[in-house]
Amino acid sequence: MGKMRQVNSYKYVVIGSGPFGSTIAHKIATQLNQEVLLVDKRDHIGGNCFSSPHKETGIETHHYGSHIFHTSNKKVWDYVNLFSDFNDYRHIVYAKSKGISYTLPLNLTTINSFFKSDLSPQEARSFIEKESELFKNKDASNFEEKAKSLIGEKLYQAFFSGYSEKQWGTSPLNLPASTFSRLPIRYNRDHFYFSDQYEGIPTNGYGKLFLNMINHPNIHLKLKTDFKEIKPYLNPNALVIYSGPLDEFFHYCFGDLGWRTLTFEKEVHDCEDYQGCAVMNYVDKEIPYTRIHEFKHYQTHLPHIRKSQKTITFKEYSTFVKRGETPYYPVNSKEDREIFQLYWKESLNLKNYIFGGRLGSYQYFDMHQVFAQALHLFEEKVRPYDQYKINVSV
Ligand SMILES: Cc1cc2nc3c(=O)[nH]c(=O)nc-3n(C[C@H](O)[C@H](O)[C@H](O)COP(=O)(O)OP(=O)(O)OC[C@H]3O[C@@H](n4cnc5c(N)ncnc54)[C@H](O)[C@@H]3O)c2cc1C
């Protein structure tokens, strides 16, 4: 990485070093051969995807909860493979309901274990049809109505009602129907969580992957620095690519967007394996946390880590965000969408700002979607800016 100069000497300034900001910075440095100032308020790069080896156990720990890379976009897959190899991990999730573990997403095995039956795919389809018959509703307008109309009352209550309320901090009656449509139901025994063409975990962790992305003399990194601190010193001609929260950028002038945040309780256990899988969802409402992550299961390529007599887990708790806290998931209620439109319209008036990423677009994006958005915006908006040949040197 290069040595930082005065803030007002940069033509390109990128805020946020997650997948979005790191991709844009890497492209500016390598494709435009221009210097870029990359700023993040945290003390590390990689945004919410950051992982690093835990000091005591050596286990690669995902600081903001489990991150599994998956995509069917070959361009994105080829791009991330420039910076890291990936192992062969394929994600499997279990759900604990009333003390019993089931496979998720709901599949034939889940249905048969839950109803203590041995139905064939066809029989299971007819059975679920019957279970949901009473609740059929083409105009289902919320999560609960939609879920019951597809899987019936019993599976909904067991797997989705309590979990969704804990995750979103509101009754499923207040959540959009689309939140349920994202969750797959399968009538076969496919227990893999994702069905993308490419999947895996970076073999040396996400921290190394992002370091390899931004390790270029044209990229000047400034950590532990909020955008607010450098804004007064920006060159008026600089192009700013911003991946922080949109409402914060505009000083909340149209109100606060709804976000959920997560807190994690870390525990080190003196055993080889704590729960037998990387993620266990706790779907009962009475249990205050939503999931337990056990990170050593992601290191399929390192048997000595998986067999070591220590393991590290994170219990995940979900709460609403207060101003200044780290937002994770956009709540995306109808009111939020209306507020977002006001901010978005305002953002289009700022000709030398580009907003993107999960926080800047106020959208729940997986990593591959953010990489794709950044690669696209670089070609559409950042590369053309270079043609103005603006001189900002001082
Ligand atoms: C619990 C959880 C699990 C997830 N699991 C997966 C998964 O398994 N697979 C998957 O593909 N995706 C997963 N995701 C989604 C993934 O985290 C996001 O797609 C990705 O992090 C978005 O990248 P980004 O660059 O847009 O934002 P971020 O990664 O959030 O990076 C934004 C960066 O901007 C910085 N920043 C914000 N405001 C400012 C400011 N004012 N000044 C300076 N810096 C600022 C932040 O510090 C942060 O580093 C998960 C998300 C969460 C919350």
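1. Start with F135, which in this predicted model sits in the loop between α4 (121-133) and α5 (143-168). Its relative accessible area is 25%, so F135 counts as partly exposed: the cut-offs put buried under 20% and exposed over 50%. Setting aside residues up to four places away in sequence, F135 touches K148, S149, G152 and E153. If you want a sense of where this loop lies, take Y282: 147 residues apart along the chain, the C-alpha atoms of F135 and Y282 are separated by 26 Å.

2. One of those partners, G152, deserves its own look. G152 is part of helix α5, and with a relative accessible area of 0% it is buried. Apart from neighbours within four places in sequence, G152 is in contact with E131, S132, F135 and A147. So what does the pair look like? F135 is partly exposed, G152 is buried, and the two are in contact. Pick V76 as a far marker: G152 and V76 are 76 residues apart in sequence, with 38 Å between their C-alpha atoms.

3. On the overall layout, the protein is divided into domain 1 (7-66 + 75-86 + 201-252 + 331-386) and domain 2 (108-181). Note that domain 1 is written as four separate stretches of chain, while domain 2 is given as a single one. How far apart are the centres of domain 1 and domain 2? Over C-alpha atoms, the separation is 37 Å.

4. Next, the loop between β7 (100-104) and α3 (108-114), where you'll find P105. L104 and P105 are joined by a cis peptide bond, with omega about -10°. Worth checking by eye when you have the structure open.

5. N107 is in that loop too, between β7 and α3. Is N107 buried or exposed? Buried, with a relative accessible area of 0%. Its side chain makes a polar contact with the side chain of T103 (3.3 Å), and a polar atom of the N107 side chain also lies 3.2 Å from the backbone oxygen of D190. D190 turns up again in the contact list: beyond residues up to four places away in sequence, N107 touches R186, N188, R189, D190 and H191.

6. Now the ligand. It is surrounded by 33 residues, and the closest are D40, H67, R358, F365 and M367. By class, that shell holds 15 nonpolar, 10 polar and 8 charged residues. Which helices supply at least two residues each of the shell? They include α1 (19-31), α12 (357-360) and α13 (367-386).

7. The backbone also takes part around the ligand. An oxygen atom of the ligand is 3.2 Å from a polar backbone atom of P19. On the nitrogen side, a backbone N or O atom of S66 lies 3.0 Å from a ligand nitrogen, and a polar backbone atom of F227 is 3.0 Å from a nitrogen atom of the ligand. Taken alone, the ligand exposes 1000 Å², and the protein buries 97% of that.

8. Back to α1, which contributes to the ligand shell and also holds H26. H26 counts as buried, because its relative accessibility is 12% and the cut-off for buried is under 20%. Leaving out neighbours within four places in sequence, H26 is in contact with Q31, Y79, F83, M213 and I219.

9. H216 is another histidine to look at, in the loop between α7 (205-214) and β9 (219-222). Not counting neighbours within four places in sequence, H216 is in contact with M1, G2, A29 and T30. H216 and E35 are 181 residues apart in sequence, yet 9.5 Å apart in space, C-alpha to C-alpha.

10. Finally, two backbone oddities. N33, in the loop between α1 and β2 (36-39), has phi near 55°, a positive value in a residue other than glycine. K224, in the loop between β9 and α8 (227-230), also has a positive phi, near 50°, and again is not a glycine. Are these two residues buried or exposed? N33 counts as exposed at 59% relative accessibility, and K224 counts as exposed at 61%.

Key:
Residues are numbered from 1 along each chain as its sequence is written. This is a predicted model: local features need pLDDT of at least 70, side-chain atom pairs count only at pLDDT 80 or more; totals for chains, interfaces and linings use all residues. Side-chain values use heavy atoms; hydrogens and water are left out. A residue is near a molecule or strand if one of its heavy atoms lies within 4 Å of it. A polar contact is a pair of N or O atoms within 3.5 Å; within protein, one must be able to donate a hydrogen and the other to accept it, and residues adjacent in sequence count only if both atoms are side-chain atoms. Accessible areas come from the Shrake-Rupley method with a 1.4 Å probe; for residues, only the protein chains shown count as cover. Helices (H or I, at least four residues) and strands (E, at least two) are DSSP runs, numbered from the N terminus. Ala, Val, Leu, Ile, Met, Phe, Trp, Tyr, Cys and Pro count as nonpolar, Asp, Glu, Lys and Arg as charged, and the others, Gly among them, as polar. Contact means heavy atoms within 4.5 Å. Domain bounds come from an automatic or database domain assignment. Buried means under 20% relative accessible area, exposed over 50%, partly exposed in between (1.4 Å probe, protein chains only).
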